[in-house]
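Good morning, colleagues. Please have the sequence and the structure open as I speak.

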Amino acid sequence: MFIFIYMTFSSGFNNYVEQEEKKHVASVKQQLTELYVELGSWQPITQNTQLWRSIVEPENAPGVPNANKQTSNSQPKQPTDSASPSLLWINLPAGALKTGQRISLYDQNKTVVMGREYLHDNPSVEPILLRGKIIGWIGLVPSLLVQSSPAKAFLSAQFQNYFMITSFIVLLAFVMAIAVSRHLIKPIKKILAGTSELIKGNFTSRITVLSKDELGTLSNHYNELALTLGKNQRSRFQWVSDTSHELRTPLTVLRSHLLAVQDGVFVADESRIRLLLKQVDKLNCIVDDLAQLAHSDTANLTYKDSDVDLVSTFTQTLENYAVRFEQRGITVDSHDLNNAGKFIISGDKERLQQVFINLLENTCRYTHQGGQLNVKVGTLDRKVVLTLQDSTPGVSPSDKQRLFERFYRVEKSRNRDFGGSGLGLALCEQIVEAHDGHITLHDSPLGGLEVKITFPLIGR
């Protein structure tokens, strides 16, 4: 920027000096012509140095009569060059360029009258004409060609001023760059340090948000990431712990009974084998639930979407449990389904049946002997709502919030004595959400648990 401004300024100033000197030479030519007409020759000028000075340097010849003393050089004017970057030279005093000292006069034969001895010593030469006839020559050495000219001295002074200003700005920019870079680098260093902690497994690491810009947003995202990773780590540890705990119980029973048979304490009769097979079935149940849950977590492409009648699908599943409900003495009220008509949703029929099987299985296992199950269906905001209400026992609010957690069971009333793995509702939630649905748990008016499942309808 300094080079550009200085070069533009120099170019504009040089044009200004050139124009002013041309104006001054034109004014001198006019006065010399008038003087020649009056005197008839250049002889009076040769004999009168003061007269010559009054013409070429009117500012430096006070007291000498001159009708044309107000030359164009007495009042420096604004340069006409529109590209000039600065007008500082307007303040130059009259005569500061000393143009008159570099003007020479020659007669028609190119013999010197005043100034330099030879005409060719002047880079700029112009004829003086009178009615189309050359009466003399005027020569000029431009200010820009003089080593110690006022114009060059002025440019040199401006160069020094610009250089000082530029140096100050560069220094200021350097200081500001250091301050700004430190301000910007500080949160970046914190983020780098934080990510290093995450790599080491320290998910409790947090970053203090120092700004509201993009770096502040990145810091917030880092904190959210660390929080999520911490939750996932705790969930993974809990998952491994719960899985090992669930598998340990039937394995312990199997091992103890087999050791007893091996030592001759127990006889491997039919009842003993039936007991061992029951423990094997529990293991199979847990393994199947784990496999299904993992499959639901990682393989959404296994869902084969098609148009499914929700009422018809649930009714078929309910019919398969008729014998189980009869054995438990549980009364099922499903009249609402018979009059509901068709509710078409988009989903995987086998997956939906898996949801219904888990829910009905829970009712069979946990509802008290002689209990009741009410099934209702309805619509709300272009969605179908399927409601299952069973009778006692109920579930406390704190337990209700955790029933969708894997391996979680309500103690006393809903425990592993009934053969469940605690994965059924977790599977239900996974499958329902994969169908863009929603499943919630509430207190049943019958004293037990109410399950509401909502699916978006199609074709209505």
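I shall describe two sheets, the helices that pack on them, and the nonpolar cores. Please bear in mind throughout that this is a predicted model.

Let me begin with the sheet of five strands. This sheet is open, its strands follow the order β6-β8-β9-β11-β10, and the pairing is mixed. Which strands stand at the edges? They are β6, residues 331-333, and β10, residues 438-443; each has a single partner strand, so one side of each is left without a neighbour in the sheet. From one strand to the next, the twist averages 15 degrees.

Within this sheet, please look at β8, residues 372-379, and β9, residues 383-391. These two strands run antiparallel and are joined by seven bridges. To find the register by eye, take T379, which stands opposite V384 in β9.

Two helices pack on this sheet. The first I shall mention is α10, residues 349-366, which touches β8, β9 and β11, the last of these being residues 447-456. The direction of α10 makes about 170 degrees with that of β11. The other helix is α12, residues 424-434, which touches β10 and β11. Its direction makes about 135 degrees with that of β10.

How do α10 and α12 lie relative to each other? As a general point, two packed helices are described by the angle between their axes and the distance between the axes. Here the axes of α10 and α12 come within 9 Å and cross at roughly 150 degrees. Angles over 145 degrees count as roughly antiparallel, and α10 and α12 are therefore roughly antiparallel to each other. Their crossing is left-handed. On the α10 side, the residues that meet α12 are R351, Q354, V355, N358, L359 and N362. Their counterparts in α12 are G424, L425, L427, C428, I431 and V432.

Which residues of α12 are buried? They are G424, L425, A426, L427, C428, I431 and V432. After α12 comes D436, which has a positive phi, near 60 degrees.

Helix α10 also packs against α7, residues 310-320. The angle between α7 and α10 is about 50 degrees, and their axes are 9 Å apart. That angle makes α7 oblique to α10. The crossing of these two helices is right-handed. From α7, the contact involves L310, T313, F314, Q316, T317 and L318. From α10, it involves K349, Q353, F356, I357 and L360.

This brings me to the nonpolar cores. How many residues does the largest one have? It has 37, and those with the most contacts inside it are F314, L386 and I453. The elements giving two or more residues to this core are α7, α10, β8, β9, α12, β10 and β11. Helix α10 supplies the largest share, six residues.

I453 is a useful residue on which to centre the view. Setting aside neighbours within four places in sequence, I453 is in contact with V355, F356, L359, V384, V385, L386, V432, H438 and I439. There is also a second, separate core of 19 residues, and among its members are L32, V56, I103 and L130.

I turn now to the other sheet. Four strands form an open sheet in the order β2-β1-β4-β3, with antiparallel pairing. Strands β2, residues 112-114, and β3 stand at the edges with a single partner strand each, so one side of each is left without a neighbour in the sheet. The twist here averages 30 degrees from one strand to the next.

Strands β3, residues 124-130, and β4, residues 133-140, run antiparallel and are joined by seven bridges. The bridge partner of V125 is G139 in β4. These two strands form a hairpin with two residues between them, and R131 in the turn has a positive phi of about 55 degrees.

Strand β4 also pairs with β1, residues 103-107, in the antiparallel sense over five bridges. In that pairing, D107 stands opposite G136 in β4.

Finally, which helices touch this sheet? Helix α1, residues 2-39, lies across β1, β3 and β4 and runs at about 35 degrees to β3. Helix α3, residues 49-56, packs on the sheet by touching β1 and β2, and its direction makes about 120 degrees with that of β1.

Thank you for your attention.

Terms used: Residues are numbered from 1 along each chain as its sequence is written. This is a predicted model: local features need pLDDT of at least 70, side-chain atom pairs count only at pLDDT 80 or more; totals for chains, interfaces and linings use all residues. Side-chain values use heavy atoms; hydrogens and water are left out. Two strands pair if DSSP finds at least two bridges between them. Axes are lines fitted to C-alpha atoms, for helices over the stretch in contact, and angles run from 0 to 180 degrees between N-to-C directions. Contact means heavy atoms within 4.5 Å. A nonpolar core is a set of buried Ala, Val, Leu, Ile, Met, Phe, Trp, Tyr and Cys residues joined through side-chain atoms within 4.5 Å. Buried means under 20% relative accessible area, exposed over 50%, partly exposed in between (1.4 Å probe, protein chains only). Angles under 35 degrees count as roughly parallel, over 145 as roughly antiparallel, 65 to 115 as roughly perpendicular and the rest as oblique. A crossing is left-handed if the near helix is turned anticlockwise from the far one by less than a right angle, and right-handed if clockwise.
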